[in-house]
Amino acid sequence: MSKNAVTDRFVNRHIGINEEELQDMLKAVNAKSLDDLIFQTVPDSIRLKKPLKLPTSLSEFEYLRELKNTASKNKVFRSYIGMGYNGTITPSVILRNVFQNPGWYTQYTPYQAEIAQGRLEALLNFQTMVSDLTALPIANASLLDEGTAAAEAMHMFYELKNKRNKGEAINEFFVSDKVYEHTIDILITRAKPIGIKVVVGDVKKYKFNEKTFGVLLQYPGKDGIVEDYTKFTQKAKDNELYVTVAADILSLALLTPPGEWGADAVVGNTQRLGVPMGYGGPHAAYFACKEDFKRVIPGRIIGVSVDSQGDPALRMALQTREQHIRREKATSNICTAQALLAIMAGMYGVYHGPKGIEAIAKRIHTNTQALNNALKKLGFVQKNSLFFDTLNVATDSKTIAQVKKAALAAKINFFYTENSIQISLDETVIDSDLMDIINVFASVKKQSIAKITTPKGLKIPLKLKRTSEFMAHPVFSMHHTETKMMRYIKNLENKDLSLTHSMIPLGSCTMKLNAATQLIPVSWEEFANIHPFVPANQAKGYLQIFEELEAYLCEITGFSACSLQPNSGAQGEYTGLLTIKAYHEARGEYHRNVALIPQSAHGTNPASAVMAGMQVVVVKCDDNGNIDVADLREKAEKHKEKLSCLMVTYPSTHGVFETAIKEICKIIHDNGGKVYMDGANMNAQVGLTSPGAIDADVCHLNLHKTFAIPHGGGGPGMGPICVNDSLAPYLPRHVFVKTGGRKGINAVSSAPWGSASILLISYAYIKMLGKEGVLEATKYAILNSNYIKAKLEKVFQVLYTGDLGRTAHELIIDLRPFKALGVSAEDVAKRLIDYGFHAPTLSFPVAGTIMIEPTESESKDELDRFCDAILQIRAEIDEIATGEADAKSNVLVNSPHTIAMVSSDKWDYPYSREKAAYPVAYLKSGSKFWSVVGRVNNAHGDRNLICICPPIEAYESQEEEDMVGLEN
């Protein structure tokens with residue numbers, strides 16, 4: 001059936017090219033047909049011989065109707081389970097204007113700071129809120145989940161403690177037995193490969209020794225008790241140990257923050273600040289630390305700098321820590337974080353302000369006191385003498401069973417252990433909810449309580465009560481009406497370029513359409529308000545979706561088993577490597593620890609390999625960008641006894657289907673290793689070939705690339721792994737929920753299925769495209785890349801192509817020849833902003849180049865508009881070469897040009913304002929995107945690191961400082 005034969009086919013809404021445009025494009029690329037182009041691009045030896053066994057496509061209406069039925073299988077009970085996940089109220093102004101707004105969720109990670117000032121400010125708000133609540137000066141812009149954040153702290157302090165240690169490693173990490181079990185499970189996962197010994201025990205009994213480098217505390221504890229850790233922390237400091245505290249962020253509005261009693265780092269989850277539970281995610285974890293650790297803190301940090309005009313501007317600070325630069329020496333493999341959710345949590349803080357946050361915390365605590373009094377009156381024994389929001393009722397198994405039965409009848413969930421019942425209250429609890437909880441317990445005692453007695457004051461002793469102010473910056477007190485909040489959110493959104501403006505042609509990032517129909521159900525109550533640890537029979541809808549999605553992904557990859565747990569691409573890499581490691585160890589081959597990684601690999605590959613305890617050996621690439629097979633064979637044979645795996649991206653990071661890929665995989669297998677395939681470029685594979693077809697053993701999939709989960713300005717993402725039969729037994733398990741392989745590794749994410757709610761998006765993508773549509777999407781992605789190549793190759797060198805001169809779904813343009821003219825790849829990237837485009841991927845995988853990936857979702861006119869911009873920039877470069885333009889001051893080196901610049905009375909540039917702002921005719925239509933800042937000074941931002949909202953006075957004094965610097 002023709003792509004355009006039926007108008008309600010989702011494929012026609014997803015793919016940007018129509019039949020007439022297709023014929024024009026085929027002429028441009030000199031191909032007889034789309035299949036002819038594919039034949040010339042994908043090696044015959046790896047092409048699939050049969051169509052994928054996926055369902056027939058559904059229209060958007062059909063899909064939503066079917067999904068409503070599936071959603072009804074989930075039971076939305078009131079969950080007072082706690083354990084790091086709580087009910088919350090998402091303010092409608094944030095739900096509508098951020099979470100459900102493509103102007104926010106289709107943005108990319110803010111590498112191009114000039115067109116990302118809005119989300120950078122929103123993330124700076126988040127950092128400031130976290131820094132204030134924890135009482136520590138440095139906070140990052142989010143991590144994946146609380147367990148991961150704790151593990152990152154452990155790893156960071158282990159490296160710091162042993163940095164100059166020349167003797168035996170100081171490798172013992174003490175973890176309080178009050179820490180969440182799922183956090184401990186991740187700590188064990190992360191500790192084992194790098195030789196850290198995790199010791200779990202009672203804080204009161206643990207004795208520090210010369211092997212201990214750090215400790216982890218939970219505040220309040222997993223059972224809800226609030227303890228005074230001041231003396232313990234001081235004792236740890238006396239022993240020169242690092243102290244990390246996993247803290248409930250909302251409790252810190254009332255409790256003395258860990259930064260004030262000596263913690264070196266504080267980590268946790270911000271989910272309860274307005275982000276739905278979503279059966280486990282996505283949520284923004286936080287990580288705050290002392291100033292001493294600002295150069296090694298994992299994840300992104302948003303910092304304050306200045307632009308080319310000397311005005312304040314924001315940027316991602318300390319990017320030299322990035323994996324693409326430091327590779328196996330990177331401080332972490334964290335790439336995608338949880339930017340969109342951090343923005344939501346930060347906006348929650350902006351909307352409520354410090355008084356509102358404190359009032360919410362007090363209401364929760366007061367309700368918990370009232371419940372405690374009622375339970376005592378009923379004769380129950382509540383063990384927590386001090387608490388914030390969680391009570392721990394000690395009782396026998398018979399009573400537990402009775403309470404559980406009564407609670408389920410009332411559609412209420414608690415957390416049960418062998419001899420206790422835990423109840424964690426949240427901001428959604430109103431008087432009727434409190435009464436329902438009391439009645440559950442009263443029914444077991446065959447008693448009744450007529451009304452709730454409201455306690456007076458807080459049950460927090462003075463020494464544990466917060467006295468310091470927080471969130472004092474004006475941003476947290478200016479936007480408390482919905483009108484003001486709506487305008488503030490829109491003001492920030494308008495500063496940023498997203499897919500609502502133009503294509504985002506980032507190579508290796510796959511910025512395709514994130515369809516509204518795919519995203520709408522994420523907000524449905526049946527998916528949003530499910531706690532990750534509810535009984536399985538309350539999540540039958542979710543479990544059905546997981547089962548079907550796993551089957552689809554296995555069919556697409558050619559593998560037999562799947563884990564949906566990894567909640568980012570880098571976590572998927574790491575998990576895949578751990579399954580390989582577990583496979584070798586199960587065979588008694590503990591010595592296999594060498595990972596071969598090509599020079600062109602994604603920077604997270606070597607970082608992940610080191611985290612998995614592997615030794616990285618780099619494999620050369622030849623002049624055509626392909627893996628040097630001779631070098632690979634030599635190194636595989638040299639390390640035959642210790643070879644663990646090869647990490648390979650396919651198609652390659654150079655945008656080419658390497659014809660030798662099956663030979664490459666065979667070399668690894670012949671020498672006892674396994675092949676991990678990085679799935680970053682799966683958008684060129686689906687339906688045409690597969691990781692299984694090239695003889696790989698495991699791959700991860702970036703669902704936020706190929707399978708349409710939006711990037712959210714730097715997260716969320718999902719990185720599930722698919723494996724063959726040999727690795728299936730080792731898929732990750734979870735402490736609370738049955739999942740994973742029969743010999744599964746410990747968990748890699750806090751929740752059993754990672755960021756479960758956004759799996760709906762990829763599920764919808766496959767269901768609505770169907771078996772034919774996913775194949776068409778792949779073909780058009782390859783067509784669009786080759787079309788851009790045909791348009792640009794006459795005036796730019798395309799660095800790498802396949803044997804028949806074709807690119808896969810992306811291409812690399814070489815800008816190094818223009819360096820002699822004083823024009824850098826960065827200049828081209830910044831000049832593209834003046835044309836209304838986000839730059840392609842800059843200087844990766846080859847320095848001095850740009851990598852372009854158009855995706856299948858863009859229309860021909862948008863591709864032409866982008867190519868016209870690139871070609872016009874080339875003409876501007878030629879003007880420098882001929883002397884027509886000043887080599888020192890021209891439209892490229894001075895870009896981007898802001899409205900303030902071109903409308904200023906002062907104009908000292910040797911070219912016209914029109915040339916600066918309107919270099920091509922389409923920009924005059926009234927839809928031009930303007931950067932709100934000039935080019936950001938990266939070096940200044942790193943030299944003067946500020947990563948919380950600075951007071952207005954700081955900007956003024958900095959301006960004076962900069963003027964002095966300019967005069968000197």
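These legends walk you through four close-up views of a predicted model.

**View 1. Helices α7 and α12 cross each other at about 65°.** Here you can follow helix α7 (residues 117-134) as it packs against helix α12 (residues 339-377), with the two axes 8 Å apart. Because angles of 65 to 115 degrees count as roughly perpendicular, α7 is described as roughly perpendicular to α12. The crossing of α7 past α12 is left-handed. On the α7 side, the contact is made by Arg 119, Ala 122, Leu 123, Asn 125, Phe 126 and Met 129. Helix α12 contributes Ala 339, Ala 342, Ile 343, Ala 345, Gly 346, Met 347, Gly 349 and Val 350. Sorted by type, the residues in this contact of α7 with α12 are 10 nonpolar, 3 polar and 1 charged.

**View 2. Strands β9 and β10 form a hairpin.** Strand β9 (residues 302-306) pairs with β10 in the antiparallel sense, and 5 bridges link them. To find your place in the ladder, look for Val 306, which stands opposite Pro 312 in β10. Between the two strands lie 5 residues, and in this turn Gly 310 has a positive phi of about 85°. Strand β10 (residues 312-316) has 4 of its 5 residues buried, so the rest of the structure largely encloses this strand.

**View 3. An open sheet brings together 7 strands.** Reading across the sheet, you meet the strands in the order β16-β22-β21-β20-β19-β17-β18, and the pairing is mixed. At the edges are β16 (561-563) and β18 (615-619), each of which pairs on one side only. From one strand to the next, the twist averages 20°. As a reminder for this view, strands of a sheet pair through backbone hydrogen bonds, either parallel or antiparallel. For a parallel example, look at strand β17 (residues 594-598) and strand β19 (residues 643-649), which are joined by 3 bridges. In this pair, Ala 595 of β17 stands opposite Cys 645 in β19.

**View 4. Helices α21 and α22 meet the strands of the sheet.** Helix α21 (residues 629-638) lies across β17, β18 and β19. Its direction runs at about 150° to β18. Helix α22 (residues 661-670) packs on the sheet too, where it touches β17, β19 and β20 (674-678). The direction of α22 makes about 140° with that of β20. Strands β17 and β19 are therefore good landmarks here: α21 lies across them, and α22 touches them.

Definitions and conventions. Residues are numbered from 1 along each chain as its sequence is written. This is a predicted model: local features need pLDDT of at least 70, side-chain atom pairs count only at pLDDT 80 or more; totals for chains, interfaces and linings use all residues. Side-chain values use heavy atoms; hydrogens and water are left out. Axes are lines fitted to C-alpha atoms, for helices over the stretch in contact, and angles run from 0 to 180 degrees between N-to-C directions. Angles under 35 degrees count as roughly parallel, over 145 as roughly antiparallel, 65 to 115 as roughly perpendicular and the rest as oblique. A crossing is left-handed if the near helix is turned anticlockwise from the far one by less than a right angle, and right-handed if clockwise. Contact means heavy atoms within 4.5 Å. Ala, Val, Leu, Ile, Met, Phe, Trp, Tyr, Cys and Pro count as nonpolar, Asp, Glu, Lys and Arg as charged, and the others, Gly among them, as polar. Two strands pair if DSSP finds at least two bridges between them. Buried means under 20% relative accessible area, exposed over 50%, partly exposed in between (1.4 Å probe, protein chains only).
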